[in-house]
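Please open the model in a viewer and keep the sequence panel visible. The stops below are arranged so that each selection leads to the next.

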Amino acid sequence: MDGRQERGFLSGQIKRQENKTARSVAPAGIEVEVDPALHEAIGSIRNDKETLKWVTAGFEEGNLKKPLILVGQGDGDIEELKESLQDDQVQYALYRTSDVIDEITTVKFVYIYWVGENTKPLIKGKVSAYSGPIEKLFSPVHTTLSFNNRYDITEEIIRDKVMSGSGSKSFVK
């Protein structure tokens with residue numbers, strides 16, 4: 001890494017959620033089955049030796065009673081991630097970015113909660129009960145952001161929120 005130390009929630013610092021079979025991540029009362037491919041992709045993002053920068057997940061066929069599955073993944077920037085978001089679905093994303101604190105590059109993870117503009121109102125209401133357990137699946141993260149319009153998702157907004165959360169943002173002009 002060019003002689004620089006990296007810090008953050010990296011694969012060596014957290015327990016990897018390895019699982020060969022689907023498992024529930026919800027507390028009693030709410031069952032959310034998770035596709036093993038999604039667990040693997042989340043682990044890959046946290047692994048410094050992998051190039052994966054983002055994953056998106058959603059309910060299979062948009063049905064809350066079906067498993068949470070891997071919808072997309074890639075090694076590109078936020079623009080590439082936005083292409084995998086669907087305007088009529090509720091989706092979840094984990095995005096890997098970096099920040100510089102005291103001249104040390106640090107890895108930061110951003111959890112994105114997406115509710116597309118054309119998502120049915122009943123789904124919007126029901127999915128709120130799943131938000132805690134699903135956020136736990138993507139944890140730990142440095143920043144959580146919610147969006148319903150893909151034009152609001154920019155690298156600048158993400159960088160600003162990450163820098164505000166880490167204390168590296170300068171408010172002096």
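Which residues does Y92 touch, not counting residues up to four places away in sequence? Select Y92 in this predicted model and display its surroundings: V55, T56, A57, F59, L68, Y111, I112, Y113, V127, I134 and F138 are the residues it touches.

**The largest nonpolar core**

Next, select V55, F59, L68, Y92, L94, I134 and F138. Of the 26 residues in the largest nonpolar core, these touch the most other members. Colouring by element shows where the core draws its residues: α1, β3 (54–59), β5 (90–101), β6 (104–115) and α4 (131–138) each supply at least two. Strand β6 gives the most, with five residues. Apart from this core lies another, of 14 residues; W54, V110, F147 and I153 are among them.

**Aromatic rings**

Return to Y92 and add F59; both residues are buried. A search of the whole structure finds four aromatic pairs. In the pair formed by F59 and Y92, the ring centres are 6.4 Å apart and the planes stand at 80°, so the arrangement is edge-to-face. Because F59 lies in strand β3 and Y92 in strand β5, this pair ties together parts that are 33 residues apart in sequence. Extend the selection to Y113 and Y130: ring pairs link F59, Y92, Y113 and Y130 into a cluster.

A ring of another kind of interest is that of F109. Select it together with R46, whose charged end sits over the ring, 4.5 Å from its centre.

**Helix α1**

Now select residues 36–45, which form helix α1. Is this helix mostly covered or mostly open? It is mostly covered, since seven of its ten residues are buried; these are L38, H39, A41, I42, G43, S44 and I45.

Within α1, centre the view on A41. This residue has a relative accessible area of 3%, and is therefore buried. Leaving aside neighbours within four places in sequence, A41 is in contact with L52, V55, L70 and Q73. Of these, V55 was met earlier as one of the core residues that touch the most other members. For a distance to check in the viewer, take the C-alpha atoms of A41 and T56: the two residues are 15 apart in sequence and 9.4 Å apart in space.

**Two backbone features**

Most residues other than glycine have a negative phi, and most peptide bonds are trans. Two sites in this model deserve a look on that account.

Select E61, in the loop between β3 and β4 (68–74). Its phi is positive, about 60°, although E61 is not a glycine. Is E61 buried or exposed? With a relative accessible area of 65%, E61 is exposed.

Then move to S139 and P140. The peptide bond from S139 to P140 is cis, with omega near 0°. P140 has its place in the loop between α4 and β7 (143–147).

**The whole chain**

Finally, clear the selection and view the entire protein chain in cartoon form. It contains five helices and seven strands, which run β-β-α-β-β-α-β-β-α-α-β-α from the N terminus on. Buried residues make up 41% of the 173 residues. Among contacts between residues at least 6 apart in sequence, 62% join residues at least 24 apart. With a surface displayed, the chain exposes about 9600 Å², of which carbon and sulfur atoms supply 47%.

Notes: Residues are numbered from 1 along each chain as its sequence is written. This is a predicted model: local features need pLDDT of at least 70, side-chain atom pairs count only at pLDDT 80 or more; totals for chains, interfaces and linings use all residues. Side-chain values use heavy atoms; hydrogens and water are left out. Buried means under 20% relative accessible area, exposed over 50%, partly exposed in between (1.4 Å probe, protein chains only). Helices (H or I, at least four residues) and strands (E, at least two) are DSSP runs, numbered from the N terminus. Contact means heavy atoms within 4.5 Å. Accessible areas come from the Shrake-Rupley method with a 1.4 Å probe; for residues, only the protein chains shown count as cover. A nonpolar core is a set of buried Ala, Val, Leu, Ile, Met, Phe, Trp, Tyr and Cys residues joined through side-chain atoms within 4.5 Å. Rings of Phe, Tyr and Trp (its six-membered ring) pair if their centres lie within 6.5 Å; planes under 30 degrees apart count as stacked, over 60 as edge-to-face and the rest as tilted. A charge sits over a ring if NZ of Lys or CZ of Arg is within 6 Å of the ring centre and within 35 degrees of the ring normal.
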